[in-house]
Amino acid sequence: MTEAVKSKRKRTKVAVKEEESSHASSPSAYHFFHDAADVALLRSRLLAWYDQEKRELPWRTLALTEPDVNIRTYAVWVSEIMLQQTQVATVIDYYNKWMKRWPTVQDLATATLEDVNQMWAGLGYYSRGKRLHEGAQKVVSQLQGEMPRTVDALLKQLPGVGRYTAGAIGSIALGQVTGAVDGNVIRVLCRLRAIGADCTGPTVTEALWSLANTLVDPDRPGDFNQALMELGARVCTPKGPLCTRCPIQSHCHSYHKAHFKQEKNSIKLMGKLDRKSSALPDIEDCLSSGTCTLCLSEPWDDELGVQNFPRKPAKKPPRAERCLTCVVIRQGEGGEHEFLLTQRPSKGLLAGLWEFPCINHEEKNAVEEKKVLCAEINRILGTSLTHGLLQYVGEVVHIFSHIHQTYVVHTLRLKDAVSQSENMQWLTPSALQEAAVSTGVKKIMKLCNSALGQQGAPDGEEKRPKKDRKGQITKRPRLSGANSRSRQLSLSSFFQTVKQDC
């Protein structure tokens, strides 16, 4: 009985400690909005600014003018997927071409993945295009061609649609009263309410969504969410924010905090910090900053000012990879040169795109690299070529979000015909330009053209030194890539200078 009483007391103490700990570490009310009038004023000021300053973007125009809710929802969906991790200026042209080719979800569903990849080429994060295609096919085959009509349905029924995308589509296309928290909105809300904790953590994430749902205008939810995004993109920027142009500056905790700190420091520098300093008005601050889960965990940095908010964890540097790449060329039936491309797997990085034959290899040894790359070419083509036939061209660096890729580029010219497999194709230079290839492939093409610009005379032509008027031999200056553009030829001409055939 004594042991039972002790056990009960122990459990009670633990429960009390957990409750106290939970209470002490809960977010402070300082970081939220509680005055309805304050919220209403913020909405009106932000929307008035947006009506005056917003950019005219094709998806915004379509969302306002398209009466068909199915087309409107589809159009906003396409824009939001394209805008993920991609700048607005880059997306505009892609969006216009996409909507011209596939103006409805039914049109997209009938396209092939190859067509989609080709249209997406150069936009990056290629799995986005694939998910759009899969989503369109699902809408047509499983949802009778009707786009989902609620935020929850968008979230559950469309592949690649997360919490933000569902909120954006729901508010902009369907008029649903819901917040939409993207990177720009995170920054604006963190500064508005002086939220300095790690904005990638679950506590801050939920606080930001709570704020967004509190602030969103019930009469114009789509415009309000886009106004917050526009403010973050053009005024409340990551660096050099334009606080003097901000329409909701008076509501911003971080601005008032930075302004107060600046005035206080100015008084100190002027040597006037005496009894009169107590007259300097203080600012509202978080009273539980030592335990609040939304406050800065690091000391305030005067040089950063409002940029103290938000604080993000340091990013991991991208991992380095070396990829041996070979541009293989043959003469086509019509006499035009053709390039060998192979298709990447349907899942993973650059899924389904076409590329020059390549293989990852970390060892930096010229001879060994040629042997490894030649073995890969032989595997693809079913040939028995020797590595001495490969010619080194140079290196191309391309940075993905998590990979620092270095392409080590070689060339190889084929004379005899080789077998054709399902995941390979031969393309002419013009066809390659239109194919579903990545930016890295285009960089490799550019490197080969630049290398050609520095070539000497064609094979068989004697390379004689030039002489000046006095008969003295002059050295030909080596042309840089920038200076050699005027003498560059087509990429296919470059391969005509290769001495060794196979």
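These are my notebook entries on the holes, pockets and a few strands of this structure, which is a predicted model.

**Entry 1: enclosed spaces**

I began by asking where empty space is left. Rolling a probe the size of a water molecule over the atoms shows this. How many cavities of 30 Å³ or more does a search of the whole structure find? I got two.

I took the largest cavity to begin with. Its volume is about 150 Å³. I looked up its lining and found 16 residues, with Arg 191, Cys 236, Cys 243, Cys 246 and Cys 252 nearest the centre. Helix H11 (183-192) and helix H14 (253-269) are the elements that give two or more residues to this lining. H11 has the largest share, with three residues. Then I sorted the lining by class: 13 nonpolar, two polar and one charged.

**Entry 2: the second cavity**

Next up was the second largest cavity, at about 50 Å³. Which residues line the second largest cavity? I wrote down Thr 325, Glu 355, Phe 356, Cys 358, Tyr 407, Ser 438, Gly 440, Val 441 and Ile 444. Helix H17 (residues 439-453) gives three residues, the largest share of this lining. By class I have five nonpolar, three polar and one charged.

**Entry 3: Thr 325**

I picked Thr 325 out of that lining for a look of its own. It lies in strand S1 (residues 319-331). Is Thr 325 buried or exposed? Its relative accessible area is 2%, and buried means under 20%, so Thr 325 counts as buried.

Leaving out residues up to four places away in sequence, I found that Thr 325 touches Phe 356, Pro 357, Cys 358, Leu 373, Tyr 407, Val 408, Val 409, His 410 and Ile 444. I went back to the cavity list and spotted some of these names there too: Phe 356, Cys 358, Tyr 407 and Ile 444 are contacts of Thr 325 and also line the second largest cavity.

**Entry 4: Thr 406**

I tried another threonine, Thr 406, which lies in strand S6 (residues 403-413). With 11% relative accessibility, Thr 406 is buried. Again skipping residues up to four places away in sequence, I listed its contacts as Glu 321, Arg 322, Cys 323, Glu 395, Val 396 and Val 397. Glu 321, Arg 322 and Cys 323 fall within the residue range of S1, 319-331.

**Entry 5: strand S2 and its partners**

I moved to strand S2 (residues 337-343). Six of its seven residues are buried, so S2 is largely enclosed by the rest of the structure. Which strands does S2 pair with? I went through them one at a time.

- S1 and S2 run antiparallel, joined by three bridges. Across this pair, Arg 330 stands opposite Glu 338 in S2. Their hairpin has five residues between the strands, and Gly 335 takes a positive phi near 90 degrees there.
- Strand S7 (residues 424-427) pairs with S2 over four bridges, in the antiparallel sense. Here I found Thr 342 opposite Met 424 in S7.
- Strand S3 (residues 354-355) pairs with S2 over two bridges, also antiparallel. The bridge partner of Thr 342 in S3 is Glu 355.

So Thr 342 turned up twice in my list, facing Met 424 in S7 and Glu 355 in S3. Glu 355 rang a bell as well: it is one of the residues lining the second largest cavity.

**Entry 6: open pockets**

Last, I turned to the pockets. The largest pocket has a volume of about 1800 Å³. It is lined by 50 residues, and the closest to its centre are Gln 85, Asp 182, Gly 183, Asn 184 and Lys 312. Several helices give two or more residues to this lining, among them helix H3 (58-65), helix H4 (69-83), helix H10 (163-174) and H11. I had met H11 already, in the lining of the largest cavity. The classes here are 20 nonpolar, 18 polar and 12 charged.

The second largest pocket holds about 450 Å³ of space. I counted 20 lining residues, with Leu 123, Gly 124, Tyr 125, Phe 400 and Ser 401 nearest its centre. By class that lining has eight nonpolar, 12 polar and no charged residues.

Why does the second largest pocket lie between domain 1 (29-251) and domain 2 (319-454)? Both domains give residues to its lining, so that is where I placed it.

Technical notes:
Residues are numbered from 1 along each chain as its sequence is written. This is a predicted model: local features need pLDDT of at least 70, side-chain atom pairs count only at pLDDT 80 or more; totals for chains, interfaces and linings use all residues. Side-chain values use heavy atoms; hydrogens and water are left out. Buried means under 20% relative accessible area, exposed over 50%, partly exposed in between (1.4 Å probe, protein chains only). Contact means heavy atoms within 4.5 Å. On a 1 Å grid over the protein atoms alone, a cavity is a set of points where a 1.4 Å probe fits but cannot get out, and a pocket is an open set with protein on both sides within 12 Å along at least five of seven lines; lining residues have an atom within 4 Å of a point. Grid points are joined across faces, edges and corners, and a volume is the space filled by probe spheres set on the points. Ala, Val, Leu, Ile, Met, Phe, Trp, Tyr, Cys and Pro count as nonpolar, Asp, Glu, Lys and Arg as charged, and the others, Gly among them, as polar. Domain bounds come from an automatic or database domain assignment. Two strands pair if DSSP finds at least two bridges between them.
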